Amino acid sequence: MKNEWPLWEVFIRSQHGLAHRHVGSLHAPDAAMAINNARDVYTRRNEGTSIWVVKAVDITASDPDDKQALFDPAQSKVYRHPTFFPMPDEVKGL
Amino acid sequence: MNTARHDYLLRFGDNALILSQRLAEWCGKGPALEEDMALTNTALDLLGQARLWLSLAAEQAGDGADEDTLAYLRDDRAFRNVLLVEQPNGSYASTLARQFLFDAWSSLALRRLLVSSDAAIAAIAEKAVKEVGYHLRRSSDLMVRLGDGTERSHALLQAALDQVWPYHHELFTGDAVDTEMTAAGIGFDPASLRDDWLAYVREVLAEATLSLPKDSGWRPKGGKQGLHSEHLSKLLAEMQVLPRSHPGARW
């Protein structure tokens, strides 16, 4: 449909969260209205303290066909997990 | 009992209640999911405000009335809302034009009530003014998007605005109740809001590339005194049917 409003992806930072988290998408004619709509659709139950909206077409996504090349190599590298290394008791704050 | 204060509370309560009911008619029928949610959010905000105003009015009357009997068991002549809010929804453009004119007024009116000498009234205004601030932002934004949108959205919105425009005059027309409330420091002179209201409306309409409607000289009024258009009776018939046909019904 030609007159359909563009799609926006909505990110909300919750009361205690530090990062904005993707919560869903919506349609709106422009960025300001997308913020309004996000407020009305996604923060009705006091979910958020901050809203980001991004045009869905502006998001570059990884290609599902690249999944093996991108992610499989990390599977065999367990030493990248912080729990892999035993920590001496003297080290505080971990 | 101070009947002027009672009437005054009913005016604010009924404006919120009737407009809430009108907006609720859109529930499930909005032009887009996002608009549907936004309108019903606004309707619920207004319903919450209506409950506060009507509860306060009932408390003052002290005759066994409560917010529910005031909402569901009064006849149209006992309602004190302005004619603007009872006007039918029409198209989405008509609903929006009505909402914009009302929000712009309501936001100014509530700000005046923040400094009311009546602490209970000031407290309601304090809660409501934040909600209405958002309603106004939203209706103003939409006026600009649709006014300055496509040729068709512009034409529809201009026609809707022209149609609803004469009803704004009543918002700024005072009577004996207003005079008494103003003198007591409880309320404000309605006419004193007009300049600020018009300045704001002009600003938004200019951005929306819409023209300020011409004054046709027709200035319908009477709602504040209980003289309504036939639209209100039909609205009340639907809103009140359950408590009237099943008195005392409970969940």
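Here is a short conversation about a predicted model of two chains, A and B.

Reader: Let's begin with the overall build. Which elements does chain A have, and in what order do they run?

Author: Chain A holds 2 helices and 3 strands. Starting at the N terminus, their order is β-β-α-β-α.

Reader: What makes chain A more spread out than a compact globule?

Author: Its radius of gyration is 20 Å, while the globule rule gives 12 Å for 94 residues; the value is well over the rule, so chain A is called more spread out than a compact globule. For the dimensions, the C-alpha trace spans about 60 × 35 × 15 Å along its principal axes.

Reader: And chain B, how is that one built?

Author: Chain B has 10 helices and 0 strands. Read from the N terminus, the elements are α-α-α-α-α-α-α-α-α-α.

Reader: Why is chain B called as compact as a globular protein of its length?

Author: The same kind of comparison answers that. Chain B has a radius of gyration of 18 Å, and the globule rule gives 18 Å for 251 residues; the value is close to the rule, so the chain counts as compact for that length. Its C-alpha atoms fill a box of roughly 55 × 45 × 30 Å along the principal axes.

Reader: What share of the residues is buried in chain A, and what share in chain B?

Author: In chain A, 20% of the 94 residues count as buried. In chain B, buried residues make up 55% of the 251. A residue goes into that class when its relative accessible area is under 20%.

Reader: What part do contacts between residues 24 or more positions apart play in chain A?

Author: They account for 44% of the chain A contacts with a separation of 6 or more. For chain B, 81% of the contacts between residues at least 6 apart in sequence join residues at least 24 apart.

Reader: Now some single residues. Why is Thr43(A) called buried?

Author: The relative accessible area of Thr43(A) is 18%. Buried means under 20%, so a value of 18% meets the cut-off. Thr43(A) sits in the loop between helix 1 (31–42) and strand 3 (48–55) of chain A.

Reader: What does Thr43(A) touch beyond its neighbours within four places in sequence?

Author: Thr43(A) is in contact with Ile12(A), Ala38(A) and Ile51(A). In addition, a polar atom of the Thr43(A) side chain lies 2.6 Å from the backbone oxygen of Arg39(A).

Reader: Asn46(A) is in that loop too. Is Asn46(A) buried or exposed?

Author: Exposed: its relative accessible area is 57%, and the class begins over 50%. Asn46(A) also has a phi near 65°, a positive value in a residue other than glycine.

Reader: Where in chain B is Thr209(B), and why is Thr209(B) called partly exposed?

Author: Thr209(B) is found in the loop between helix 9 (194–207) and helix 10 (230–245) of chain B. Its relative accessible area is 40%, neither under 20% nor over 50%, so Thr209(B) falls in the class in between. Phi of Thr209(B) is near 55°, a positive value in a residue other than glycine.

Reader: How do you know that Asn37(A) is buried?

Author: Asn37(A) has a relative accessible area of 0%, which is under the 20% cut-off, so Asn37(A) is buried. Asn37(A) belongs to helix 1 of chain A.

Reader: Which residues are in contact with Asn37(A), leaving aside neighbours within four places in sequence?

Author: From chain A they are Leu26(A), His27(A), Ala28(A) and Tyr42(A), and from chain B they are Glu34(B), Glu35(B) and Arg138(B).

Reader: What makes Val177(B) a buried residue?

Author: Val177(B) is at 13% relative accessibility, under the 20% limit, and therefore counts as buried. Val177(B) is part of helix 8 (residues 176–183) of chain B. Not counting residues up to four places away in sequence, Val177(B) touches Ala4(B), Asp7(B), Tyr8(B) and Arg11(B).

Reader: One last residue: why does Val91(A) count as partly exposed?

Author: Val91(A) has 38% relative accessibility, which lies between 20% and 50%, so Val91(A) is partly exposed. Val91(A) is found in the segment after helix 2 (67–71) of chain A.

Reader: Which residues form a nonpolar surface patch with Val91(A)?

Author: Val78(A), Tyr79(A), Phe84(A), Phe85(A) and Met87(A) form the patch with Val91(A), and together they have about 570 Å² of accessible area.

Conventions: Residues are numbered from 1 along each chain as its sequence is written. Chains are lettered from A and ligands numbered from 1 in the order in which they are written. This is a predicted model: local features need pLDDT of at least 70, side-chain atom pairs count only at pLDDT 80 or more; totals for chains, interfaces and linings use all residues. Side-chain values use heavy atoms; hydrogens and water are left out. Patches are made of residues with over 30% relative accessible area and no salt bridge: like charges are joined within 9 Å, nonpolar side chains (Val, Leu, Ile, Met, Phe, Trp, Tyr) within 5 Å. Accessible areas come from the Shrake-Rupley method with a 1.4 Å probe; for residues, only the protein chains shown count as cover. A salt bridge is a side-chain nitrogen of Lys or Arg within 4 Å of a carboxyl oxygen of Asp or Glu. Helices (H or I, at least four residues) and strands (E, at least two) are DSSP runs, numbered from the N terminus. Buried means under 20% relative accessible area, exposed over 50%, partly exposed in between (1.4 Å probe, protein chains only). A polar contact is a pair of N or O atoms within 3.5 Å; within protein, one must be able to donate a hydrogen and the other to accept it, and residues adjacent in sequence count only if both atoms are side-chain atoms. Contact means heavy atoms within 4.5 Å. The radius of gyration is taken over C-alpha atoms; the globule rule is 2.2 Å times the number of residues to the power 0.38.
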